[in-house]
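Here is a short note for a colleague who is opening this structure for the first time. The points below are meant to be read alongside the sequence and the 3D view.

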Amino acid sequence: MKYTTLLFLFTFTVSFGQRSDFKQISFKKADSIANTYKGESLKNLPLLTQNLTCNLDTDVEKFRAIYTWVCTNIENDYSSYLKTKKNRKKIKKDRGAFLQWNSSFTPKVFKKLLNHKKTACTGYAYLIRELASLADLECKIINGFGRTVNLNLDKNSLPNHSWNVVKLNGKWYFCDATWSAGKVLLEEGKPKFKADYFDGYFLGEPSIFIKNHYPLDLDWTLMSNAPSYAQFINGPIVYKEAYTNDVIPISPGVMHIESQKNKTVRFELLQTKPFTNEEIALVIINGSGSKTSTPETILIKNKCILTHTFNKTGHYDVHIKVDELIIATYTVKTHK
């Protein structure tokens, strides 16, 4: 259903960077410079950094040029990621062997990155940090867990992802060049990278970022009340489209919901900027097919509450769609 614009103030109890801090800055020049140097070699990183940043005035524009260049010039080497994952799994219980293997493997990753512009998340994060540092920007690599519909995690999972934080104007901001660069598709049963730049992970909103990024060091959630790891892995699947609309699913806190037949299930969303005249829908799928439902919608300050009554017993996949984009997935099991 359509709903009207809702104005509200949205604050957190801790101060952190948000992309809206730079809403007055256009990134067109930075992106244009990144495109001008498309295909440049990685053999001379100081020269590449100089070319990307010397004609830009602000730190955020300099970082933008670096970030855009990395995301649009480096290929996600997903096949190597799968091999790495397999090797790590074999030795995960032997910490000494794991550290030794990781130490010998890391130089190979960077060599392949420099020579072939192909890498996994560690290489993306490393390159972002190196170029940012050369531009006198403080930038760190954050290691932890990435969760998507294709990356299932449990309590015994090893850390599987790396991303960055960068300090701009005294505040830390998130970014994930790996997930911004494109997507991995299966072609004839083999993973193939498709370049498809996504802007949502550039200076990502922390309260959305935590839905699919969980750092080993909880200080790097940039939140005063970070969820536990159990809450993270049991929460709903949140897609990148949530970043496009700045929508945060907040309730239910778990992906798998149990309910009684004819009982109303309630979904709560938080949006970090004013609502616009967008369409919200629930896509409900069970064994007999799928349907799109227009939920009952209640607006309370910065919350949007969606309700739906399941009239039959069974198992359902429930996708929350905002402005024709699916932003989150739950499952609902109903019984008598």
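1. A pair of strands. Please keep in mind throughout that this is a predicted model. A convenient place to start is the pairing of strand β3, which covers residues 139-146, with strand β4, which covers residues 161-168; the two run in the antiparallel sense and are joined over six bridges. Within this pair, Cys 139 has Val 166 of β4 as its bridge partner.

2. A helix on the sheet. Helix α6, made of residues 121-134, packs on the sheet and touches both β3 and β4, and its direction makes about 20 degrees with that of β4.

3. The whole sheet. Five strands form this open sheet, with antiparallel pairing, and their order across it is β8-β5-β4-β3-β9. The edges are taken by β8 (202-204) and β9 (213-215), and because each has a single partner strand, one side of each is left without a neighbour in the sheet. From one strand to the next, the twist averages 50 degrees.

4. A separate hairpin. Strand β14 (residues 280-286) pairs with strand β15 (residues 289-293) in the antiparallel sense, over five bridges, and the hairpin that joins β14 to β15 does so through two residues. In this pairing, Leu 282 stands opposite Ser 293 of β15.

5. Two packed helices. Helix α1 (residues 28-36) packs against helix α3 (residues 59-73) at an angle of about 40 degrees, and their axes lie 8 Å apart. The two helices are therefore oblique to each other, and the crossing of α1 and α3 is right-handed. On the α1 side the contact is made by Ala 30, Asp 31 and Ala 34, while α3 contributes Glu 61, Arg 64, Ala 65, Thr 68 and Trp 69. Sorted by class, this contact of α1 with α3 comprises four nonpolar, one polar and three charged residues.

6. A loop residue. Is Ile 74 buried or exposed? Ile 74 is found in the loop between α3 and β1 (75-76), and it counts as buried because its relative accessible area is 2%, where the cut-off is under 20%. Leaving aside neighbours within four places in sequence, the residues in contact with Ile 74 include Leu 42, Trp 69, Leu 113, Lys 117 and Thr 119, and also Tyr 124, Leu 127, Ala 181 and Phe 193. Ile 74 and His 116, which are 42 residues apart in sequence, are 8.7 Å apart in space, C-alpha to C-alpha.

Conventions. Residues numbered from 1 in each chain as written. Predicted model: local features only at pLDDT ≥ 70, side-chain atom pairs only at ≥ 80, totals over all residues. Heavy atoms only, no water. Pairing = 2+ DSSP bridges. Helix = DSSP H or I, 4+ residues; strand = E, 2+ residues; numbered from the N terminus. Axes fitted to C-alpha atoms, helices over the stretch in contact; angles between N-to-C directions. Contact = heavy atoms within 4.5 Å. Parallel < 35°, antiparallel > 145°, perpendicular 65-115°, else oblique. Left-handed = near helix turned anticlockwise from the far one by under 90°. Nonpolar A, V, L, I, M, F, W, Y, C, P; charged D, E, K, R; others polar. Buried < 20%, exposed > 50% of the residue type's maximum accessible area, 1.4 Å probe, protein only.
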